[in-house]
Amino acid sequence: MDVFSDPANVDVYVTGFLWILKLTIAGTVGALVLGVVLAAMRVSPVPVLRWFGAAWVNIFRNTPLTLIIFFCYFGLFSTLGFSASDDIDRNNYWLGVIGLSVYTAAFVCEAIRSGINTVPAGQAEAARAIGMSFFQTLTMIILPQAGRAVIAPLGSIFIALAKNSTIVGTIGLAESSNAMKDLINANGDQVISIFLAFAGTFAIVLIPTGYGFGWLARRLAVKR
Amino acid sequence: MRITRLAATFGAFAMAVSMAACASDDDSGSSGGGSSASGIVGKAQNDKKLVIGVKADQPGLGLQTGSTYTGFDIEIGKIIAKGLGVDESGITWKTTVSANREPYIQQGQVDMVVATYTINDDRKKVVNFGGPYFVAGQDLLVPTNSTITGPESLAGKKVCSVSGSTPAKRIQTDYKDAKLQQFDTYSKCVTALAGGQVDAVTTDDIILAGYAAQDQYAGKFKVVGKPFSKEPYGIGVKKDDSAGCNKINEILKTAATDGSYKKAWDDTLGKSGTAAPELDVAQLTNCS
């Protein structure tokens, strides 16, 4: 493990996982917001919105994330000229966040929609009967119950998101997988220990996260 | 309950890790029994077969199209194999990327690596290098009308290279004024250069020459031609196989004089018009 006795190498490692953390947080927020909006669209009474939600899910859930990230750089930035920042790293970071959010939102949407299906139809009917609008029914009656039913699957999605964020490395962010390549290239004699350190960090952080979501799901589950 | 499950999870993880470690030990052990004792020389004589690790994504050096590999590294691999008494039909090409070259050699998944493999001290700790069969240098690929004349004029410019590579690292440490964009492959860098998102692509000059010579970019790019590093390309074999390493150097010595080295160049990178370099036999490693 003497790769990590050099502070410069530790710095590479820390920077790598800081980017992963930032990508995961921003990606989670983006995906959650987009996903809830999409789920609302998919159950809405307006055909155009339903169609849009379904199209989004079908397109992005079935496209490899590498292609989406690739498109974010070479389509959104290169061709369409969308630029989030003049700083190369920052620009790539936001392009990555966009790609991750758009992709993960499709999964979040489907998880929430499956949660909506666990809410008995009588609830929505009762809400309608006391005169609530579709929007009120959704936000006050359906989504709170649906959300609590799908915490465990959402947890899996966000854990996947944390690992998927390494793909942003393909457009140049110095995140963990690039940091790993960096260290391996410079320390060809310690490939296995470098690999284990990076894989281990993900495992050590994500295994408790998984248990955390499981605990949260049990605590918040709607008792029927 | 929760504690036991947690313990079980970590137990399973630890087991998986230790099993993975065992598996790799077994690999090198079993192939070591057959080949390592006698090295690649022995394997070539007994089996008439060799597995050679090469790059698959570098035009002019090691490029895979369908199931065939072409390029300068491939031709060098063929010369070495021939010198060891193995026919072309006995060679199995195996794609390697920069990160798995050492493990592949150590575990015996390949018998040798000819893959733009720069000889350096860290790598020498774990593999034995024959060669160098070519000395490359880091250079810049720019659009034909660019004003960039060398690494000094990079300040404020966007430079592209492959993440985790030596050229990328050199830009980060020696030319801090340049802005570095990294991708996972050089072809993405070249695409970005064609689209104008970056001002230059940097890596070893012969790799750049390979891209500049590609048909779709003909006349658009030029290599600046002021190398600012020395990258001696070696042929990696197992650490304890100094006999194999010496044999490789002998074969290279012969190739330098009998014209096969020049032919290998002319058939691949030489197509862009660059004359074949001299293979400097005085620089060959002394195979520790």
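Strand 9 (residues 158–162) of chain B is largely enclosed by the rest of the structure, because four of its five residues are buried. The model described here is a predicted one. Strand 9 of chain B runs parallel to strand 10 of chain B, and five bridges join the two. Within this pairing, B:Val162 has B:Phe183 of strand 10 as its bridge partner. The connection between these two strands passes through helix 6 of chain B, and the resulting β-α-β crossover is right-handed.

Strand 9 of chain B also pairs with strand 11 (residues 200–204) of chain B, in the parallel sense and over two bridges. In strand 11 of chain B, B:Val201 is the bridge partner of B:Cys160, and B:Ala200 is the bridge partner of B:Val159. Strand 11 of chain B is itself mostly covered, with five of its five residues buried. Strand 11 of chain B is further joined to strand 8 (residues 138–143) of chain B by four bridges, and these two strands run antiparallel. B:Leu141 has B:Val201 of strand 11 as its bridge partner in that pairing. B:Val201 is thus a bridge partner of B:Cys160 and of B:Leu141. In general, the strands of a sheet pair through backbone hydrogen bonds, in either the parallel or the antiparallel sense.

Burial was also found in another strand of chain B. Nine of the 10 residues of strand 7 (residues 127–136) of chain B are buried, so this strand is largely enclosed by the rest of the structure. Strand 7 of chain B pairs with strand 13 (residues 231–238) of chain B in the antiparallel sense, over seven bridges. In this pair of strands, B:Val127 stands opposite B:Lys238 of strand 13.

A further group of strands in chain B forms an open sheet of three strands in the order 2-3-4, with antiparallel pairing. Strand 2 (57–58) and strand 4 (68–70) of chain B are its edge strands, each pairing on one side only. Strand 2 of chain B pairs with strand 3 (residues 62–65) of chain B in the antiparallel sense over two bridges. Here B:Gln58 stands opposite B:Gly62 of strand 3.

Taken as a whole, chain B contains 10 helices and 13 strands. Of the 288 residues in chain B, 45% are buried. Among the contacts in chain B with a separation of 6 or more, 72% are between residues 24 or more positions apart.

The domain assignment divides chain B into domain 1 (39–135 + 232–283) and domain 2 (138–223). The centres of these two domains of chain B, taken over C-alpha atoms, are separated by 26 Å. Contact between them involves 12 residues of domain 1 of chain B and 13 residues of domain 2 of chain B. On the domain 1 side, strand 2 and strand 6 (112–118) of chain B are the elements that give two or more residues. By class, that side of domain 1 of chain B has three nonpolar, seven polar and two charged residues.

Chain B also touches chain A, with 26 residues of chain B in contact with 20 residues of chain A. The elements of chain B that each supply at least two residues to its side of this contact are helix 1 (2–36), helix 4 (101–106), helix 5 (121–124), helix 6 (166–174), strand 10 (179–183) and helix 7 (186–195). Strand 10 of chain B gives the most, with four residues. The side of chain B that touches chain A divides into seven nonpolar, 11 polar and eight charged residues. Strand 10 of chain B therefore has two roles in this description: the parallel partner of strand 9 of chain B, and a contributor to the side that touches chain A.The confidence of the prediction was examined for chain A. The mean pLDDT of chain A is 89, and 99% of its residues reach 70 or more. Among the elements of chain A, helix 2 (residues 47–61) has the highest mean pLDDT, 94, and helix 8 (residues 176–186) of chain A has the lowest, 82. As a general point, predicted coordinates should not be read in detail where pLDDT is low.

Methods. Residues are numbered from 1 along each chain as its sequence is written. Chains are lettered from A and ligands numbered from 1 in the order in which they are written. This is a predicted model: local features need pLDDT of at least 70, side-chain atom pairs count only at pLDDT 80 or more; totals for chains, interfaces and linings use all residues. Two residues are in contact if their C-beta atoms, placed from the backbone, lie within 7 Å. Ala, Val, Leu, Ile, Met, Phe, Trp, Tyr, Cys and Pro count as nonpolar, Asp, Glu, Lys and Arg as charged, and the others, Gly among them, as polar. pLDDT is the predictor's confidence in each residue, from 0 to 100. A residue is buried if 20 or more other C-beta atoms lie within 10 Å of its own, exposed if 12 or fewer, and partly exposed in between; C-beta atoms are placed from the backbone. Two strands pair if DSSP finds at least two bridges between them. A crossover is right-handed if, with the strands pointing away from the viewer, the path from the first strand over the helix to the second runs clockwise. Domain bounds come from an automatic or database domain assignment.
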